[in-house]
Amino acid sequence: MKKTFFLAAFLLISISGIAQDKLKGQIESIIERIEDEHFETYKFLHSHPEVSLMEYETAKKMASHLEDLGFKVTRNFSGNSLVGVFENGNGPVIMLRTDMDALPIKEQTDLPYASSVIMKDASGKQVPAMHACGHDMHMTLWLGTLNTMVTLKNEWSGTIIAIAQQAEEVSGGAIKMIEDGLFRKFPVPDYALAYHVNPELPAGSIGYYPGPIFGGVSSVDIHVFGYGGHGAMPHTTIDPVVLASRIVLAIQTLVSREIEPIQPAVVTVGSIHGGSKHNIIPDRVDMQLTVRFFSDEVYNQIIDGLKRITRGIALSAGLTEEKFPEVIPLEGLTPPVANNPDLVNKGVVSMEKMLGSDLMYGVKPSTVGEDFGKYGRTPEKIPIALFWLGGVEKDKYLDHIENGTPLPGLHNAAFYPDFYPTFKGGVAAMARTMIDLFNE
Ligand SMILES: [Zn+2]
Ligand SMILES: [Zn+2]
């Protein structure tokens with residue numbers, strides 16, 4: 001009896017193993033069939049970049065591709081952003097997000113399809129444009145994954161919400177989609193997934209972190225006041241240049257002495273301006289800071305600390321309340337991308353089936369910002385997961401590892417991903433993750 005049970009269990013496991021392999025083969029042969037056509041789309045997107053809030057043509061292209069795949073598309077849902085819905089029976093709702101915007105950078109690659117675009121940005125200024133953050137790759141991966149999912153629609157059931165988002169680089173795109181009713185007007189996702197291309201990992205590999213993978217970003221203005229006067233008579237003034245200098249040094253202790261050492265945080269003064277002439281002590285100095293953090297607690301601790309330290313320095317110089325420095329966190333804070341650990345772990349299992357364990361890299365969190373985190377911070381509490389997808393050509397990667405040859409990072413004029421392996425690995429891993437989540 002026992003023996004029969006084990007035999008039956010063994011057979012069942014083997015059969016499901018064969019079914020798994022069948023799905024792997026199916027996904028791989030679809031990718032082989034579609035990769036050239038998607039490379040054409042990629043080259044078009046790469047050579048026709050549009051900077052944040054100006055993604056008009058890009059959005060049209062995304063919408064028409066989605067319609068060709070059978071999605072019901074809402075164009076201009078939120079500015080240039082669009083939403084595609086593909087209903088395929090009962091089951092979970094999974095959101096797949098791409099961003100669409102390029103950067104005001106003059107491309108310096110030697111690609112035959114390099115961008116030479118000069119365009120008006122949202123403020124009307126003429127700027128060069130380049131997909132230096134890989135959002136052209138994100139869009140192509142997104143289309144490739146959706147194409148694969150539609151082709152394999154008999155292997156899963158549920159609903160796909162495909163969103164193409166404007167203005168990631170200026171961090172307004174995600175919040176605008178949410179405020180405009182993304183989760184009210186369309187089915188609420190059970191999971192939300194996204195990629196970001198990685199400039200240090202080999203093409204087609206995955207970098208994962210089961211927690212906050214990208215830091216939160218906040219821009220903070222500090223206005224330091226004083227009493228101005230003649231540069232030769234400093235004793236008759238309260239010099240805000242000296243106060244600002246003391247502030248710059250004093251706030252270095254926020255991260256080094258106040259934040260718990262195992263909590264990553266950054267406080268950088270990126271700009272400091274005051275005064276007009278050699279011999280005039282000014283009334284005011286303005287500072288601009290960037291703050292990076294991985295939890296709300298640390299963020300609040302930094303902002304409270306900035307207020308306390310700046311007030312303390314003003315007080316010690318003899319200033320009174322009305323001349324205390326102003327610490328102003330600017331609107332449009334980008335929260336950390338707080339990956340849901342369970343969802344990441346499920347994704348890793350699925351992705352590994354397609355790529356093998358050698359191409360799966362557990363990575364450290366990064367202090368760069370990404371507005372994808374906003375989709376996970378609404379009252380619906382949607383589990384989100386953003387994965388890095390390696391984009392570095394194999395030889396360049398090996399040269400980097402063996403000889404330390406630097407690799408161009410994101411936002412660098414020389415950055416571009418190695419299309420074919422990045423596309424193959426990225427589509428295979430994401431399509432498999434989605435199918436496995438639908439079939440849970
Ligand atoms: Zn970027
Ligand atoms: Zn980006």
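Me: What makes strand 10 (residues 216-225) and strand 15 a pair?

Reply: In this predicted model, the two strands are joined by four bridges in the antiparallel sense, and since pairing asks for at least two bridges between two strands, strand 10 and strand 15 count as a pair. Within strand 10 and strand 15, V220 stands opposite P329.

Me: Why are strand 12 and strand 15 said to stand at the edges?

Reply: The sheet is an open one of four strands, in the order 12-14-10-15, with antiparallel pairing. Strand 12 (265-274) and strand 15 (326-329) each have a single partner strand, so one side of each is left without a neighbour in the sheet, and that is what is meant by standing at the edges. From one strand to the next, the twist averages 20°.

Me: Which strands does helix 6 lie across, and what makes P240, L243, A244 and I247 residues of one side of that helix?

Reply: Helix 6 (residues 240-250) lies across strand 10, strand 12 and strand 14 (284-293), and it runs at about 165° to strand 12. P240, L243, A244 and I247 of helix 6 are buried; they cover an arc of only 100° around the axis, and therefore they are placed on the same side of the helix. The buried residues of helix 6 pack against strand 10, strand 12 and strand 14, and also against helix 8 (296-316).

Me: Why is A203 called buried or exposed?

Reply: A residue is called buried if 20 or more other C-beta atoms lie within 10 Å of its own; A203 has 25 other C-beta atoms within 10 Å and is therefore buried. A203 is found in the loop between strand 7 (191-202) and strand 8 (206-208).

Me: Which residues are in contact with A203, leaving aside its neighbours within four places in sequence?

Reply: With those neighbours left aside, A203 is in contact with G390, G391, V392, E393, K394, P417, D418, P421, T422 and G425. A203 and F423, which are 220 residues apart in sequence, are 8.5 Å apart in space, C-alpha to C-alpha.

Me: How many residues of domain 1 and of domain 2 are in contact with each other?

Reply: The domain assignment gives domain 1 (22-214 + 336-438) and domain 2 (218-329). Four residues of domain 1 are in contact with five residues of domain 2, and the side of domain 1 that touches domain 2 has, by class, three nonpolar, one polar and no charged residues. The centres of domain 1 and domain 2, taken over C-alpha atoms, are separated by 39 Å.

Terms used
Residues numbered from 1 in each chain as written. Chains lettered and ligands numbered in written order. Predicted model: local features only at pLDDT ≥ 70, side-chain atom pairs only at ≥ 80, totals over all residues. Domains from an automatic or database assignment. Contact = placed C-beta atoms within 7 Å. Nonpolar A, V, L, I, M, F, W, Y, C, P; charged D, E, K, R; others polar. Axes fitted to C-alpha atoms, helices over the stretch in contact; angles between N-to-C directions. Buried ≥ 20, exposed ≤ 12 C-beta atoms within 10 Å, placed from the backbone. Arc of directions from axis to C-beta.
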